[in-house]
Amino acid sequence: MMMTSLYGSLVPFLLLTALTMAAVSDSRRSFGEIVSKSGGDYGASKGTQWAVLVAGSKGYYNYRHQADVCHAYQILKANGLKDENIIVFMYDDIANSTFNPTKGIIINKPKGPDVYHGVPKDYTGNETTAANLYAVLLGNKTALSGGSGKVLKSGPNDHVLFYYSDHGTTGLLCMPVGDYIYANDFVEVLKQMHKLKKYMNMLIYIEACEAGSIFQGLLPNDIGIYATTASNAEESSWAYYCPGHPGVDRKYDTCLGDLYSIAWMEDSEAHDLGKETLQEQYLVVKKRTNLSHVMQYGNTLLSKAFLSTYMGLYSKKVSSVSLDELSSSNSLAIPQRDADLVFFQRQVQKAPKGSAESVVAQKRLDEQIAHRSHVDRSINQIVNQIVHQLFGDSSTASMLTDVRTGDQPVVDDWDCLKAFVRAYKQYCGHMSEYGMQYTRAMANMCNAGVDRDSTVAASIQACSGKAE
């Protein structure tokens, strides 16, 4: 990672007095006192509200992630945040895509308003890298490569909102270009932000599969950060407002949003941000996002703050959203990793039979299915080889599916996991969103003591040294 040099200078923080060691009961202390003893701060701040919004994907079939981020921008902008304090990462290939039936417009719900207009183009295309994201969070302009040059200039009195939407898996999140965001690197950046006094308190929303693995056993509860995730460390998150959903226009062949993301954003639009707390929103979002387990991490005492602490507060609501709509059925949601197939299948169905368009659409769908088969076969072969060589007759199935629970990070040796992912990409090809589910097996093998040479040898043998 390009920010490695920054991590080397990290110095562990002395732990502040634990809440449970306090002599007086919680009921007899002010919220501000409780929070201050838990690594955060609370109260009337004269600081500034900042936001970093990240769509980690590209491709029209991933429409929903950029739509989510654009929607988040509109909420913040309408509630008083300035463009100079909102930093946006998105590949920006959706609004004017040839597949988009409404050129220059992006929506995040059926018959919804355009959320694309006015969105800052801070980091787009090849600038949407993990390295640039870390530089932005740390306020390090010299480490940037391209882009608008905007970085967090926040200080100890400011509140920072971070929102990410895309694909994830065990211990990592995607970015449109370059390397993944690895959980250990991301949390180290957050610790460094705290050390540099880049915020008073920080709110994080993560929309991704296995999103809980980014924080499980890694995010301290004493650095003033409250985070919620769309899923725990072992399950999918869900695409929403997909083709076939009531109200979705037939001209859209892709999902318009993600269940957890639209849950927190539509809830924010439906309530007075100055009266609803983060904890109240968490419970609403948890209830609506009933196909995965919405989780919370870090300093949960900070969830007693009002939404306006991070999102601003304007005299009028962004829009009126029916409260009944916020508890609507989620039966038509689609697992994140299958949403791309919905798009490619729809393209085949809509193309005139026997036409050149039909041939191209069928070829794209066939390629997606073939790639999935390649990933399934190669990963299973790698696991079988390593298990047989190093562990005798141990169960291959358990290596693929074992899950760490509780407060344990999903992997102990992050260098091993990174090397494994790189070796697979070099010899077997890009994993794709579908193949990312197998990083759990890679993490499990690293936890079992597999070395780098074994991962490389197994990848070469499984894929004959040829990336697909």
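A disulfide is taken here as a pair of cysteine sulfur atoms within 2.5 Å. In this predicted model, that rule gives a count of three disulfides. With the bonded cysteines numbered in sequence order, they pair as 1-2, 3-5, 4-6.

The pair Cys242 and Cys255 is a convenient place to begin. Their sulfur atoms lie 2.1 Å apart, and the torsion of 105 degrees about the S-S bond makes this link right-handed. Both cysteines sit in the loop between strand S9 (238–240) and strand S10 (257–258), 13 residues apart. Cys242 is buried, with a relative accessible area of 0%, and Cys255 is likewise buried at 0%.

Helix H12 takes part in the other two links. Cys416, in helix H12 (residues 414–428), is joined to Cys446, in helix H14 (residues 439–447), across 30 residues of sequence. The S to S distance is 2.1 Å, and the bond is left-handed because its torsion is about -85 degrees. Both partners are buried.

Cys428 bonds to Cys463 with the sulfur atoms 2.0 Å apart, and a torsion of 100 degrees makes this link right-handed. Cys428 also belongs to helix H12 while Cys463 lies in helix H15 (residues 452–463), so the bond ties together parts that are 35 residues apart in sequence. Cys428 and Cys463 are both buried.

Why does Cys209 not bond to Cys174? The sulfur of Cys174 is the closest cysteine sulfur to that of Cys209, yet the two are 9.8 Å apart, which is too far for a bond. Cys209 is buried, at 1% relative accessibility. Cys70 is buried too, at 0%.

Definitions and conventions. Residues are numbered from 1 along each chain as its sequence is written. This is a predicted model: local features need pLDDT of at least 70, side-chain atom pairs count only at pLDDT 80 or more; totals for chains, interfaces and linings use all residues. Side-chain values use heavy atoms; hydrogens and water are left out. Helices (H or I, at least four residues) and strands (E, at least two) are DSSP runs, numbered from the N terminus. Buried means under 20% relative accessible area, exposed over 50%, partly exposed in between (1.4 Å probe, protein chains only).
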